[in-house]
Amino acid sequence: MQRVRYSLLQRLLHWIVALCVLGALSAGFVLGTLGFEGAKNSFGLDTTNAIYKYHKSFGVLILGLMLVRLGLWVVLGRPALPQSMPGWQRVAAIATHGALYALLIAMPVVGWMATASGGFPIEFFGYVLPGFMAKDPELSKWLYEVHGALGVAILAVVALHIAAALHHWRVKRDGVMRRISLP
Ligand code: HEM
């Protein structure tokens, strides 16, 4: 019989990544809007360095967790959607989920490359990871712009994803939310 819910590991990873993305997006938009000097003037040097460090650390963590999720998606697949769901909604759901996977893998990779080519450290909690790139300020500037544009795209797709989830949960009440809920 085909499963009707994601495995416990898949459900756990979904909510952990959701929390990390919320934090990384919020911190990222603060840094992107204020820049290093603006953040330093608003929060002080130590807090600004901590925001950069944890933004990068959680970003790298998201990359690792998304690769695990991608592997689980390939191996375990996805549970069947309810029969009542129209075809266009199935296509929309698969397209949105695919876009989220692609964006949440591309985003940290671009952030990593922008940071490394800017000559800055890839901080991962207590460690510094290799940058794998030579310093190139022009390339770094362009990659940060791509990083910012991807941030806006993630915000838009996440908003659509949450709106659809709320519609299934509170309006249609068709059990779609139970596929991914923890208890
Ligand atoms: C899914 C993971 C990530 C998300 C959602 C994310 C999100 C963002 C966003 C929205 C911005 C603001 C961009 C702007 O408005 O210009 C930003 C800035 C930044 N991100 Fe990320 N990011 C992620 C991963 C990473 C990683 C892995 C690194 C480096 C290892 C990184 C390094 C940075 C830095 C240094 C800035 C500040 C750029 C500046 O000062 O202009 N990010 N991030």
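Me: Angles between helix axes over 145 degrees count as roughly antiparallel, and those under 35 degrees as roughly parallel. How do α1 and α2 run relative to each other?

Reply: This is a predicted model. In it, helix α1 (residues 8–43) packs against α2 at an angle of about 150 degrees. The cut-off is 145 degrees. The two helices, α1 and α2, are therefore roughly antiparallel.

Me: How far apart are the axes of α1 and α2?

Reply: α1 passes α2 in a left-handed crossing. Where they pack, the axes of α1 and α2 are separated by 8 Å.

Me: Which class of residue, nonpolar, polar or charged, is counted 24 times in the contact of α1 with α2?

Reply: The contact of α1 with α2 includes 2 charged residues and 8 polar ones. The class with 24 residues there is nonpolar.

Me: What pattern does the protein follow along the sequence?

Reply: Count the elements to begin with: there are 4 helices and 2 strands. Then read them along the sequence. The pattern is α-α-α-β-β-α.

Me: Which residues coordinate the iron atom of the ligand?

Reply: Look for the NE2 atoms at 2.0 Å from the iron atom of the ligand. Both of these residues are buried. They are His55 and His147.

Me: What is the site of the iron atom of the ligand, judged by its 6 donor atoms and their angles?

Reply: Six donors count as octahedral if opposite ones are over 155 degrees apart and all others between 65 and 115. Here the angles among the 6 donor atoms run from 87 to 178 degrees. The site is octahedral.

Me: How many residues apart in sequence are the parts that His55 and His147 tie together?

Reply: His55 sits in helix α2 (residues 45–76), and His147 sits in helix α4 (residues 137–172). The pair therefore ties together parts whose separation in sequence, in residues, is 92.

Me: Is Val17 buried or exposed?

Reply: Val17 is in helix α1. Its relative accessible area is 2%. Buried means under 20%. So Val17 is buried.

Me: Is Ser84 buried or exposed?

Reply: Ser84 has a relative accessible area of 56%. Exposed means over 50%. So Ser84 is exposed.

Me: How far apart in space are Val17 and Leu104, C-alpha to C-alpha?

Reply: Along the sequence, Val17 and Leu104 are 87 residues apart. In space, their C-alpha atoms are separated by 9.5 Å.

Me: What separates the C-alpha atoms of Ser84 and Asp174?

Reply: Ser84 and Asp174 are 90 residues apart along the chain. The separation of their C-alpha atoms is 8.2 Å.

Definitions and conventions
Residues numbered from 1 in each chain as written. Predicted model: local features only at pLDDT ≥ 70, side-chain atom pairs only at ≥ 80, totals over all residues. Heavy atoms only, no water. Donors = N, O, S within 2.8 Å, 3.2 Å for Na, K, Ca; no water. Tetrahedral: all angles 85-135°; square planar, octahedral: opposite > 155°, others 65-115°. Buried < 20%, exposed > 50% of the residue type's maximum accessible area, 1.4 Å probe, protein only. Axes fitted to C-alpha atoms, helices over the stretch in contact; angles between N-to-C directions. Parallel < 35°, antiparallel > 145°, perpendicular 65-115°, else oblique. Left-handed = near helix turned anticlockwise from the far one by under 90°. Nonpolar A, V, L, I, M, F, W, Y, C, P; charged D, E, K, R; others polar.
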